[in-house]
Structures are given as structure tokens and as C-alpha cells.
Amino acid sequence: MKLTANLFALMTLSNLAHGISGQVLDTSGEPIYGASIEVAGSRQQTQTDAQGRFLLEVNTSQLREIHINAPGHSHKTIILKAGQDEPLMVTLQHTVIEQIDVTATPLHASTIESAQPVTVVAGEELRRKQASTLGETLKNEVGVHSSYFGPVASSPIIRGLNGPRVLITQNGLDSADASRVGPDHIVATETITAEQIEILRGPATLFYGSGAIGGVVNVVDERIPTSGENRTAYSLGSNTVANEREASLAHTGGNDQLAYHVDSFWRKGDDYEIPTSGDHDEHSRGVLENSDSESNGFNIGGNWFLDNGSIGLAYGRLERVNGIPGHGHSDEHEDDESEHHDEHEEEVVSDLKQDRWQLVSELSLDNIWLSGLDTRIGYTDYEHSEIENDAVGTTFSNQTLQARVNLLLQERAGWRGAITLESKTTDFEAIGEEAFTPPSTTGSSAIGLIQEKHTGEFLWQLGARIERVTVEAADDEWEGENLDKLAFTPYSVSAGLVWDIAANYNAGISFTHAQRAPSAAELFSYGPHIGTSSFEVGALFKLNDDTEEPYFYYENNVDEEVSNNIDLSFRRHSGNIGWVLNLFYNQIDNFYYERNTGYTSEDFEEHDHEEEEESHDHGELPVYVFDQADSTLYGLEAEFAWQLSKPLTLTLWGDTVRGKLDNGGNLPRIPPMRLGGMLNYSSNGWDAGIEITHAFKQTKVAELETTTAAYTLLSTEIAYTFLGNQHNLTVYLKGNNLTDELAYVHSSFLKELAPLPGRNFSLGLRGMF
């Protein structure tokens, strides 16, 4: 009877208009409300109604590829024959692994349709994992670690790579801060107002250029709203480990022609508590000094909806003041009545301000060449000052102008794709006593092409990109030597295949040859970087230690970094059991890394071209030089999810990465192997979970690098959601590091000084209406 009614409804729909109509059901025959139906390669999309029905008024004279997706169900692709207009009856399989559409690529697709591994954290999962920094929010994602510079600055490490190799973007455009220069600088994006965070593991150079040779983290928010639907979201929270309080509010409204969005947040925390240890005097007081912070920000934007697309504009402001752990200067005060010296650490504070403008347009076209035109333009004005005793010591500034145009191509012989045109200019400047790199200008322009095609059980993905990068130091002289303006022409090519092996299973393989131009900091650095407690020397300066007194000299002998990366993925994506297994092998020639020379800054005092009588005494800092060497990184990532019963789900995961120098030795600060597990309960508004994470001892260390002990962290959470007709309210209680484990992060420059926080309880609420 139900099937007859459904068929009658579909026949009625098909008579209403020429196009594609149908109904989406689950495996029990129940209609799925809110499923997304999209015509691949176009802006045409719709959602199912309460009866699971949909209608798309499209030209059916050509072959069309339809993508159907719904929360809690496996993504489905349907290839229509030319002229097909019969109603579709679509059944979606239940999945325990969420499959969310990715916006970080010109061709939108779900996480299981990419030959390269992609992870998306969104919705309630993102709300549960949200932390004060991007790195801490993502640190337990498979294949992702954190640089962890205390709670004030922490950026993602993907498969052992970070810094200028991992691009951080906000709505597809560079975050344009100073976090790629040093781990003591924060990532200027905010997760508390984000809608989803997308992680592209492995080279993503085809879409974003050579700065993404290690991967991309794209933070997506609604500052340019995608619809005029009226909705408001809010959150309040606090924790015990740092007495941190936070609040956020976001509202979107409008109509079918014009939408607007406003959001804001505020967060304030004190020095955070760390587990005490009798073996470490610096931990005897149980807090990490100078680790307090206060931040706030807001975004305002609007979107004008046209008949063939939209044009949106947004402005955002971010402000943050925080201490910098371990970032102090030693002043010695002689006591007249004794012969000893009292060493005093001056606290240093970072004061950050960022203004960000974004213009985004997405237009559908209907000509013989193009099906759409996407444009993204961003301008960012970033500045942070390091303040000592109310006086500015060093100021870092970064002005970035970026424009990207994606030309969506009409389908040809089953191939659909896009041409990407991009231009970016970055003016970076560091002025003051700790300006370890001179002012510089980096410019790039690029063109890229990506294509994909379905043939039976296979999805083929191809791409290529070439760019021109110039790096120029404004202070173009060093000890009488003129620093050259450097130019590079890195290119990337990629080929991938996704194979639907059988029902519920697929496999992906991709090969990427990618090149990267070095960053200005990797080339021109020469001076004390107190945030990392080191004296950094760029790759343009060579060490001569064959003489009695070692010295550096200028030599322009640098090359692009060259990566040859292979990814293999195996996935079970439907049913009560789901799993993903990724294996990768990355051979990188001319790899830039910081090598500990074994010398200290005092060994080069006579040759320090910026030494001043009134400069701070930084003491003996270890000297690190950016060297190039052939290297290899390889490893695996695994995730397994099992819905034991309707309310219970068990998740197990693990990852490991090995980083070696081809001529012998290990790469520095490579994260250790990890294993984790979580048991979740969800029923009748209640959500509860218990999680355990174990990091193994890291003994595979670089020269002059120390090992890091293993640790195990235990966490739990319980939440209850009050459901109303117009208002949902969730109250939660979380406990982290319940055993008060003393844990050190091997990938951190401050691992001995800044262990992970001690036992912590968080209480809060979040809601939407």
C-alpha cells in the first residue's frame, strides 16, 4: 500500500515540470527528510520534503550526475542517461561514519568520493571537540597532532608536517597570520563560531598551491550566509583548569533575496594548572606561568541572492591578548651584600589584532564552455606586538591580498572539472629586538586544472597546477652582501582513482608530485627566536665550522622542495560497522628542516650583524639552521566504528608516522604513535561518552633531541538536550585528563616547560532557535 502511494506521488511530481523528480527512502522504506540532491558540476540543488520527495527543474537532454546525501546515511551517486525523465526511487544505506560534503575543493564532493583522505568535523561533534585553539580542537583527529605552545598557541600538524607546509584557510582563503612563521604565534581563526572544519591530508597543492604540500585545514563559518533562514545559536561555558569562561552568539536572517549574518565571541582564562611532579621544581606550584589569555571578535556579513547565484561580503575583527609561556628575558641583579645573582624572568605579552575582508560570489552559467564561476577575494591586515613592562619589544605584521577564480567547466565526454586562477601578495614585517627575519614580500600567481569522470565502478581524478613565486627581502643587505630576489616555478600533478569494490566498500589511490617554494622565514632568518628558545638561521646562510671560530656566510644555493606522495585508502562506508584505513608514503627531496648545529648564539657574537649594546641578554641560545636534505615520511591511519546497538557506538582509532633523513638520522619533532578509543551512548536526549588516548614513548629522535615519555589520557562527557518546537538547548559536563597525568607533547618546542593541562572539568550550555 505504501509503495503504491509513493509511486502515485512520484507520477504526480513528474507531471508537474520537466526535470528530475524522485523520492529518497531509508532501507526500511521510510522517507528521509532534508536529504540533499545536487546536480554535479552545477549550482542546481534541492532538498527532500517530509515525504522524502524532491523535484529539480533541469535540462535532461544531457548526461547528468546526481549526488544524494543525508545525515547518518551513505552518500550515493546516480548517473542518468540523456533525456531520462522517469521518477527516481532512491534508497540510502545507514552509516555509522558520517559522510559530509567538502567545500575546500572546487568540485564539491563527500568525504568518501576523494582519492586523497579527507576528514570533516562538523555539527555536534565539532561543538564537543571545540577548544581555545585550532590545534587543540583537532589534535585527536586521525593523522593530526598539535604543535602545542601551551594553551595560548597551538596549530595542527598533519602527518608530521606543519609550519609553511600546512595551509590554514578560512572559507577557502589563507588565514594570513604569523602562525606559519613560528609555533608561538596563534592561528587567527576561531572555532567557536565555525560550522565545520575540513582536513585535507597529503598534498593539496592542486587547489591551494605549494604552501599546501603537507595538507590543508579549512575552517568554514557562516559569515557570508548561504540562506536567509532565521536562526540564532549561542553558547556559554567555563572550565576549572584555567578558570576559563567563554560565550558566543550568532544570528542569521533575511529573505529569499538578501541574507545577513552577525556573530561574536568572548573568552578569558587564567594561567592553567598542570600536574605537579616532585621531580621537576618548575612544576612545584602546579601552574604554567604566563599562560593566561583573553580574546574577543566579531563577524558581520551579507549575501545577495541572484537568479543565477549569489554575491556576498563580510568583515571580521579578532583581538587577543595572551602571555607567552617560556618567552621571557633574564635580568641579573647583583646583591651588594652577597656575591650571587638573582635571575628574574620578565613576562612577555602578545597583543594581536586582525581585520579581515572577504568577497565571495558563486554564479551559475549556461554556455558551451562554462557551467559556473566562483570568485573569492580576501584582504587581511594582521598585527601582533610582544610587550614587555608595558613597552612594545617586537611587532609582527602581515598584510595579504588574495584572489582566486574557479571556472567550472561544462561536461565533455563525461569529464567535468574546473580551471583555477589565483594571485596572492603577502607583505610580512618584524620590527624590534626579536626580529629574527627581515621584512619581506612574497608574491605568487598560478593556474590549475582538475578533472574527474565516472566510468562504471571507477571515479578518475586528474589535476595539474603551475605557479610563479617570488620572495624578496626588503632589508636586502647582510654584512655587505646583497640578498637576492628569489624566484621559483613550482608545479604539481596528481592522479587518483576511487573504486567501488562492492556494496558498502570502496578504495582510493592517489599519486601526487608536488613542489614547494621556501618561505621567507626559511630563507632569510638570522637572529634569536625567543618563542622557540633558539637562534634561527635561514637556508641562504651556510655554516663554516672548519675554522677555529665558526661563522656563517651568504650563499644563494637553494631549491624547491619536491614531494612524491602515494596514498592508499580502504573504506567500509555503510552499515552498523564502518572503517577507514589510510597508508601513505611521502618521498621529499630538498626537504627544509631546522638542524641543531650544536653551537650556541654566543659562538657567533662577533659575526652577529644585528648585535646592539642595549639589546636584551637572551643567554646562550642553541643555533638551528634551515638545511635541505632528502627525507622520507610514511605511516598509516586507521579508524573503526561499530554501532553495538541503537544507543551504543564504539570507535577505535590509531595513527603513526615515521620521519627519516635519507642519509641517516631522524627528522625532529615527529609525533609518536597513538591509539584511542571511545564508547558513546545516545538516546532520548541523553548523550554520554568515555574516551581514552594513549601516546607511545617517542624514541626515534633527531640528533641532540631528547626522547619523550608515553602517557595515557582519560576523558568523559555527559550531555542532555531539551527539544522544543522552536528551541533546542543542550547542557553538558566534561572531564578531561581525569587521572591528572603528567604528559609532554613531543612535537612542542616547549615540551619540558609546558606539559598538557591537568585534571579539568568543563560545564556549559549551547542552544539554537
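The lining of the largest cavity draws its largest share, six residues, from β28, and this cavity has a volume of about 700 Å³. The model is predicted, and the count of cavities of 30 Å³ or more in it comes to 12. The points below take up the two largest cavities, then two open sheets, then the aromatic pairs, and finally two residues with a positive phi that are not glycines.

**The largest cavity**

- Of the 38 residues that line the largest cavity, D174, K424, T426, T442 and S519 are the closest to its centre.
- The elements that give two or more residues to this lining are β13 (166-170), β26 (391-412), β27 (415-432), β28 (440-455), β29 (458-473) and α5 (520-524), and among them β28 gives the largest share, with six residues.
- By class, the residues of the lining of the largest cavity divide into 15 nonpolar, 15 polar and eight charged.

**The second largest cavity**

- The second largest cavity has a volume of about 530 Å³ and is lined by 33 residues, of which N162, R165, E594, R669 and F749 lie nearest its centre.
- Two or more residues of the lining of the second largest cavity come from each of α5 and β40 (577-600), and β40 gives the most, with four residues.
- The lining of the second largest cavity has 15 nonpolar, 12 polar and six charged residues.
- The helix α5 is listed among the elements that give two or more residues to the lining of the largest cavity, and α5 is listed likewise for the second largest cavity.

**The five-stranded open sheet**

- Five strands form an open sheet in the order β10-β15-β16-β13-β14, and their pairing is mixed.
- The edge strands of this sheet, each of which pairs on one side only, are β10 (118-122) and β14 (173-174).
- The strands β13 and β14 run antiparallel and are joined by two bridges, and T169 stands opposite D174 in β14.
- D174 also belongs to the residues closest to the centre of the largest cavity, and β13 is one of the elements that give two or more residues to the lining of that cavity.

**The four-stranded open sheet**

- A further open sheet, of four strands, has the order β3-β2-β5-β6 with antiparallel pairing.
- Its edge strands are β3 (45-47) and β6 (76-80), each of which pairs on one side only.
- Neighbouring strands of this sheet are turned by 20° against each other on average, with direction ignored.
- Three bridges join strand β2 (residues 36-39) to β3, and the two strands run antiparallel; the bridge partner of E38 in β3 is Q45.

**Aromatic pairs and a cluster**

- The structure holds 15 aromatic pairs, and one of them, formed by Y551 and Y553, is tilted, with 6.4 Å centre to centre and 55° between the planes.
- Y551 counts as partly exposed at 26% relative accessibility, and Y553 is partly exposed as well, with a relative accessible area of 32%.
- The pair of Y585 and Y634 is stacked, because the ring planes stand at 20°, with the ring centres 6.2 Å apart, and a pair counts as stacked when its planes are under 30 degrees apart.
- The pair of Y585 and Y634 links distant parts of the chain, with Y585 in strand β40 and Y634 in strand β41 (residues 622-643), 49 residues apart.
- Y585 is partly exposed, with a relative accessible area of 41%, and Y634 counts as partly exposed at 30% relative accessibility.
- One aromatic cluster is formed by Y526, F535, F541, F552 and Y554.
- The strand β40, which holds Y585, is also the element that gives the most to the lining of the second largest cavity.

**Positive phi outside glycine**

- R159 has a positive phi of about 55° although it is not a glycine, and R159 is found in the loop between β12 (156-158) and β13.
- R159 has a relative accessibility of 6% and therefore counts as buried, the limit for buried being under 20%.
- L704, likewise not a glycine, has a positive phi of about 70°, and its place is in the loop between β44 (686-695) and β45 (711-723).
- L704 is exposed, because its relative accessible area is 56% and exposed means over 50%.

Definitions and conventions. Residues are numbered from 1 along each chain as its sequence is written. This is a predicted model: local features need pLDDT of at least 70, side-chain atom pairs count only at pLDDT 80 or more; totals for chains, interfaces and linings use all residues. Side-chain values use heavy atoms; hydrogens and water are left out. On a 1 Å grid over the protein atoms alone, a cavity is a set of points where a 1.4 Å probe fits but cannot get out, and a pocket is an open set with protein on both sides within 12 Å along at least five of seven lines; lining residues have an atom within 4 Å of a point. Grid points are joined across faces, edges and corners, and a volume is the space filled by probe spheres set on the points. Ala, Val, Leu, Ile, Met, Phe, Trp, Tyr, Cys and Pro count as nonpolar, Asp, Glu, Lys and Arg as charged, and the others, Gly among them, as polar. Buried means under 20% relative accessible area, exposed over 50%, partly exposed in between (1.4 Å probe, protein chains only). Two strands pair if DSSP finds at least two bridges between them. Axes are lines fitted to C-alpha atoms, for helices over the stretch in contact, and angles run from 0 to 180 degrees between N-to-C directions. Rings of Phe, Tyr and Trp (its six-membered ring) pair if their centres lie within 6.5 Å; planes under 30 degrees apart count as stacked, over 60 as edge-to-face and the rest as tilted.
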